[in-house]
Amino acid sequence: MTIQEVSRLSGLSEPTLRYYEKIGLISAVERDRSSGHRRYGPAVVETIEALSCLRSTGMSVQDMRVYLRHLDTSDAARLRELFQRNAERLAGEIERMRVRLRYLELKADLWSARERGDAEAERRAITDIMPVIADLH
């Protein structure tokens, strides 16, 4: 497969694919003898698809290296720890996003109340926003 085809398949940009090769996250990609263009074999494409999934979770390149290093070993505990730690990181990010979402919803309520001239609803929105503001920091 060409780099363009692999990029489309994996969702990783061509520069990212080149970078992953440069830093050794994927093995050196064979080149077409006549054009010098990269030609990705099935095994490399399979690795790239896995890396694309890991990247979509926000996993670091360092953790992707750990994953690849231990993938073919019997070190299930190391891989479980890796995924558990990343799941916890992602859960924290989701919680922070929920707080941000709640803040935006309450601000919309506040402005809706002001738009309607509903002073009581405006006071409630302000009261509800205060603890969320503290959670944003």
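Contact here means that heavy atoms lie within 4.5 Å of one another. In this predicted model, Tyr 20 touches Leu 12, Leu 25, Ile 26, Leu 51, Arg 55, Val 61 and Met 64, leaving aside residues up to four places away in sequence. Tyr 20 is also among the residues with the most contacts inside the largest nonpolar core, and the points below start from that core before turning to individual helices.

**Nonpolar cores**

- The largest nonpolar core comprises 20 residues, and those with the most contacts inside it are Leu 17, Tyr 20, Ile 26, Tyr 40, Ile 48, Leu 51 and Met 64.
- At least two residues of this core are supplied by each of α1 (3-10), α2, α3, α4 and α5, with the largest share, five residues, coming from α3.
- Apart from this core lies another, of six residues, which include Val 99, Leu 106, Ala 125 and Val 132.
- As general background, nonpolar side chains tend to be buried together in soluble globular proteins.

**Helix α4 and its two faces**

- Within helix α4, which spans residues 61-71, the buried residues are Asp 63, Met 64, Val 66, Tyr 67 and His 70.
- Viewed down the axis of α4, these buried residues fall within an arc of 155 degrees, and they therefore line one face of the helix.
- The face of α4 turned away from the buried side carries Gln 62 and Arg 69, both of which are exposed.
- The buried residues of α4 pack against α2 (14-22), α3 (42-56) and α5 (76-116).

**Glu 21 in helix α2**

- Glu 21 is placed in helix α2, and it counts as buried because its relative accessibility is 15%, the cut-off being under 20%.
- Not counting residues up to four places away in sequence, Glu 21 touches Ile 26, Ser 27, Ala 28, Val 29 and Arg 38.

**Packing of α5 and α6**

- Helix α6 covers residues 119-136 and packs with α5 at an angle of about 160 degrees, the two axes being 9 Å apart.
- This angle makes α5 roughly antiparallel to α6, since angles over 145 degrees are counted in that way.
- The crossing in which α5 passes α6 is left-handed.
- On the α5 side, the residues making the contact include Val 99, Tyr 103, Leu 106, Leu 110 and Ala 113, together with charged residues such as Arg 100 and Asp 109.
- On the α6 side, the contributors include Ala 121, Glu 122, Ala 125, Ile 126, Ile 129, Val 132 and Leu 136.

Methods. Residues are numbered from 1 along each chain as its sequence is written. This is a predicted model: local features need pLDDT of at least 70, side-chain atom pairs count only at pLDDT 80 or more; totals for chains, interfaces and linings use all residues. Side-chain values use heavy atoms; hydrogens and water are left out. Buried means under 20% relative accessible area, exposed over 50%, partly exposed in between (1.4 Å probe, protein chains only). Helices (H or I, at least four residues) and strands (E, at least two) are DSSP runs, numbered from the N terminus. The arc is that of the directions from the helix axis to the C-beta atoms. A nonpolar core is a set of buried Ala, Val, Leu, Ile, Met, Phe, Trp, Tyr and Cys residues joined through side-chain atoms within 4.5 Å. Axes are lines fitted to C-alpha atoms, for helices over the stretch in contact, and angles run from 0 to 180 degrees between N-to-C directions. Angles under 35 degrees count as roughly parallel, over 145 as roughly antiparallel, 65 to 115 as roughly perpendicular and the rest as oblique. A crossing is left-handed if the near helix is turned anticlockwise from the far one by less than a right angle, and right-handed if clockwise.
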